[in-house]
Amino acid sequence: MTTEFDLVIRNAHAVTASDEFDCDIAVKGGRIVQLGTGLAKGAREIDAAGRTVTPGGVDAHCHLDQPMPPPTRNADDFNTGTRSAACGGTTTVIPFAAQQKGQSLRAAVEDYRARAAGKAHVDYAFHLIVSDPTPTVLQEELPALIREGFTSFKIYMTYDDMKLDDGQILDVLSVAREHGAMAMLHAENSDCIEWLTKRLEAAGRTAPRFHAHARPMLVEREATHRAIALAELVDVPILIVHVSGREAVEQIRWGRAHGLNIFAETCPQYLFLTAEDLGIDDSYKGAKCVCSPPPRDKANQEVIWDGLNDGLFTVFSSDHAPFKYDAPEGKKPNGEEVGFRHIPNGIPGIETRMALLWSEGVLAGRMTPNKFVELTSTGPAKAYGLHPKKGAIAIGADADLVIWDERNFVLKNEQLHHEVDYTPYEGMRLKAWPGLTLARGEVVWDGQDFHAQPGRGELLVCGLPTLIPKRPVARSS
Ligand code: URP
Ligand code: ZN
Ligand code: ZN
């Protein structure tokens, strides 16, 4: 008997960023081709009765196999990182092709393309990191790369090997404006951090917990305000990444109240961790939660929840920056317990992002299912030019889907599929986990086992962001 479809998911309770509806979902050639009831038979049938189906997650901020100075190394490459993503319901990842100072941007992209080739299990795109905006980069490489589908780039305001000064930021933002690309800003004031770090070191305060003392909210507030002012000067939308709490949120609200297109991202660590997770004494274990900006406190977690619900945030990403804890290439450089300045910044979270927000947001009654989809999938897809191919349950969209299992369990690192030897969320009680992840119609995770082969994930060509209307093209009369 011939079948019309490759796959039909029956009796789904589908949730999108705007709607909830009960339907069958038919898939052919990796895409959704029909939504309806009583659809014809598929070569494969999956019964989703009683379960919610959402679009697969788009993790628009993660670090996989990013080149960095030895001995430090990301624990996850495109193979293990995208495996972990798929098992956690994420079907698209956007890590960073990072330009080193002195390197051409094109070379950074080619190097990163080679690192990904033949390894990824789910589709991926690249953001660029511009750390050396030479005239060639600004006038030739960046415009050409945008035209080729690398339409977003990150600008650092801190970290010596990455940061740009204000004049350089204006230059890069001008390219974003001219070509309609999305600039992402890591907003922390580098000089303030250095000044505080030296004072803490002079006082012998070098345990992991002092990382948070060296990066108080005001350094994020100042840089966020400056980033907004620079964007206003250039008249370009920007997206502030990994916003940690009230002071940066207030600046973003201020920018929006002044009519500026300021978008924002936050991450699970700002909902579920506090500075106390970096240690209440001088134990080195706190290194596991050293990330920048650092997690704040419970009151700031509430501010982030509010911002997720009231439209301040467009993107909820993991900022998965995977370093093993007990490893010389990880949080203990060369095997040593080092001062906080030298602890690699970042925490793992590519696999836990979706379930944490579904459990603690949707199932705990703090967030609507539509808002969950908007933040974890549709919003990031729109911000980075991947919508409606990604981030949608719609005819023609890629059949990237999650079928949710609701069950109570205690999260343990041994359940996860990354190469990191810990999760910051060890011992958390969760109420749900993806029971099935489909990537372009293929079951890559069935709730128990992972099924994909490295290399099935494809490099995506990104369009321009679709969060705001296109500027009208000037017409000659
Ligand atoms: O601590 C963090 N966030 N590490 C990853 C790099 C970055 O700035 O996003
Ligand atoms: Zn950053
Ligand atoms: Zn990051």
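This passage describes the surroundings of ligand 1 and several backbone features in a predicted model.

The UniProt record, in an unreviewed entry, places the feature "domain: Amidohydrolase-related" at residues 52-443. In the model this span is 35% helix and 16% strand, and its end C-alpha atoms lie 16 Å apart.

Ligand 1 occupies the largest pocket, where 13 residues surround it, the closest being Lys154, His186, Ser292, Asp319 and Asn345. Sorted by class, this shell comprises 7 polar, 4 nonpolar and 2 charged residues. Polar contacts to the ligand involve both side-chain and backbone atoms: a nitrogen atom of ligand 1 lies 2.7 Å from a polar side-chain atom of aspartate 319, and a nitrogen atom of the ligand is 3.2 Å from a polar backbone atom of asparagine 345. In addition, an oxygen atom of ligand 1 is placed 3.3 Å from an N or O atom in the side chain of histidine 61. Of the 260 Å² that ligand 1 exposes when taken alone, the protein buries 94%.

Most peptide bonds are trans, and most residues other than glycine have a negative phi. Against this background, serine 292, which is among the residues closest to ligand 1, is joined to proline 293 by a cis peptide bond with omega of about -10°; proline 293 belongs to the loop between helix H9 (269-272) and helix H10 (298-309). A cis bond also leads from histidine 387 to proline 388, with omega near 10°, and proline 388 is located in the loop between helix H12 (369-383) and strand E16 (401-410). Tyrosine 159, although not a glycine, has a positive phi of about 75°, and this residue lies in the loop between strand E11 (152-156) and helix H4 (166-179).

Terms used: Residues numbered from 1 in each chain as written. Chains lettered and ligands numbered in written order. Predicted model: local features only at pLDDT ≥ 70, side-chain atom pairs only at ≥ 80, totals over all residues. Heavy atoms only, no water. Near = heavy atom within 4 Å. Polar contact = N/O pair within 3.5 Å; in protein donor to acceptor, adjacent residues only side chain to side chain. Areas by Shrake-Rupley, 256 points an atom, 1.4 Å probe, with all protein chains shown as cover. 1 Å grid on protein atoms, 1.4 Å probe; cavity = no way out; pocket = protein on both sides within 12 Å on 5 of 7 lines; lining within 4 Å. Sits in = over half its atoms within 2 Å of the grid points. Nonpolar A, V, L, I, M, F, W, Y, C, P; charged D, E, K, R; others polar. UniProt positions renumbered as here; feature names shortened; annotations may be inferred. Helix = DSSP H or I, 4+ residues; strand = E, 2+ residues; numbered from the N terminus.
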